[in-house]
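Work through the exercises below with the sequence and the model at hand, and try each task before reading its solution.

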Amino acid sequence: ELLLIKNTGKGQSALIWRVHHSLGDGLSMLSVIETVIEHKDGTPLRSMRDEFSSKKQQHQKANKRMPWYQIFAKALQALFSILVLPNSPYDDDTLFSPGGKKQLIHSQNRDLIIFPTVPLDFVKQLKTAAKCSLNDVLYTCLSQGIHDYLEHKQDPKLQEKGEKLLCRTLMPVVMPRPHSTVQDPTETLRNTFAFISADFGVGYSDIMGRLRHVNDIMMNIKRSLLLPVGLWVQNSLLSNVPHFINQQVVLDIWQRHSCIFSNVPGPSKACLFAGKEVVGVGMYFSNLVPQTGFLSYNGKIYGCLCLDPDTIPDSHTFPIWYCRALVELASQLKVPVPKDVEIYAERKC
């Protein structure tokens, strides 16, 4: 569904593309978008599917080099981690992740907390200086921002547990697919992603310690078989049990987590949609728990947090805490901070 919000004044208009996730994952949607969007200079949109295919081939080669018994052991380890997740402890009750998780329902009340646009080159400089991934930088700064928010609010659970605070995210991770399987957009509309549980590291007070913690978590996930085993559980195990059991398992997992974290790379150059230049983008999901979506486009990173403002007080301040974390990390890594980010970080909370 396409919805046009036309600004009859001097401001910008907005086009909302609403899609049900059951139709396909991010890689599938990319195949559809490529048919209606082109670069501003007239060149076709360069597909990121080849990059995903390349990553899949690298992953397959790494698995082939691994002895069969090691693959079997890692698969069993991943299977155990996934099967116990619905019965794992609930995340600690904080102002960001309030109580009542056992009775979790969608309140139908959501606000979009828009983060300031950040230059992609700036975040790339941070990742290079820190010797980590771009995803690690965004994950770390959002985690630091939530920590500083809780500290500012004198959250009792943070004060009590410190680094042992349990606060986790669910990350949707897409399984790379060979280029041959996504050449036809009508054939590629499918979901080949699984949610991976990861500690948010909110209890850490030092941003460099948090970054090291996050990097260790992400590297362990990449080395594991959580994604392929998770897909097998979804497609071959849960699909063959009664529907009410399937629903309860999913709900049990979501009730135990504080946030959804998603980061998607977009076109690197300005694009046209229906002959009009796309000047900005956003990725919004109204979920049971707060969901963060980062999306890069034309040299910038756009981000937002979709949540229930009635359950999280002063949620409008999160963009400021996020920017302050970026500035703090840049200071530690001796990376120059863009003036716009620095000015935003100086706002009062």
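**Exercise 1.** Determine the handedness with which helices H5 and H11 cross in this predicted model, and classify their relative orientation.

*Solution.* The crossing of H5 and H11 is right-handed. For the orientation, begin with the axes of H5 (residues 134-152) and H11 (residues 318-333), which come within 8 Å and cross at roughly 120°. Because angles of 65 to 115 degrees count as roughly perpendicular and only those over 145 as roughly antiparallel, H5 is oblique to H11. Turning to the residues in contact, H5 contributes, among others, Val137, Leu138, Cys141 and Tyr149, while H11 contributes residues including Phe318, Trp321, Tyr322 and Leu329. By character, the residues of this contact divide into 12 nonpolar, 3 polar and 2 charged.

**Exercise 2.** Establish the strand order of the open sheet that contains S9, and identify its edge strands.

*Solution.* The sheet is formed by 3 strands in the order S3-S9-S10, with antiparallel pairing. Its edges are S3 (37-39) and S10 (276-278), each of which pairs on one side only, and the twist averages 40° from one strand to the next. Between S3 and S9 (residues 271-273), 3 bridges make the antiparallel connection; in one of the pairings, isoleucine 37 has phenylalanine 273 of S9 as its bridge partner.

**Exercise 3.** List the buried residues of helix H9 and find the elements against which they pack.

*Solution.* Within H9 (residues 226-237), the buried residues are Leu226, Leu227, Val229, Gly230, Leu231 and Val233. Their packing partners comprise two helices, H3 (68-84) and H8 (207-223), together with strands S6 (168-174) and S7 (193-199).

Terms used:
Residues are numbered from 1 along each chain as its sequence is written. This is a predicted model: local features need pLDDT of at least 70, side-chain atom pairs count only at pLDDT 80 or more; totals for chains, interfaces and linings use all residues. Side-chain values use heavy atoms; hydrogens and water are left out. Buried means under 20% relative accessible area, exposed over 50%, partly exposed in between (1.4 Å probe, protein chains only). Helices (H or I, at least four residues) and strands (E, at least two) are DSSP runs, numbered from the N terminus. Contact means heavy atoms within 4.5 Å. Two strands pair if DSSP finds at least two bridges between them. Axes are lines fitted to C-alpha atoms, for helices over the stretch in contact, and angles run from 0 to 180 degrees between N-to-C directions. Angles under 35 degrees count as roughly parallel, over 145 as roughly antiparallel, 65 to 115 as roughly perpendicular and the rest as oblique. A crossing is left-handed if the near helix is turned anticlockwise from the far one by less than a right angle, and right-handed if clockwise. Ala, Val, Leu, Ile, Met, Phe, Trp, Tyr, Cys and Pro count as nonpolar, Asp, Glu, Lys and Arg as charged, and the others, Gly among them, as polar.
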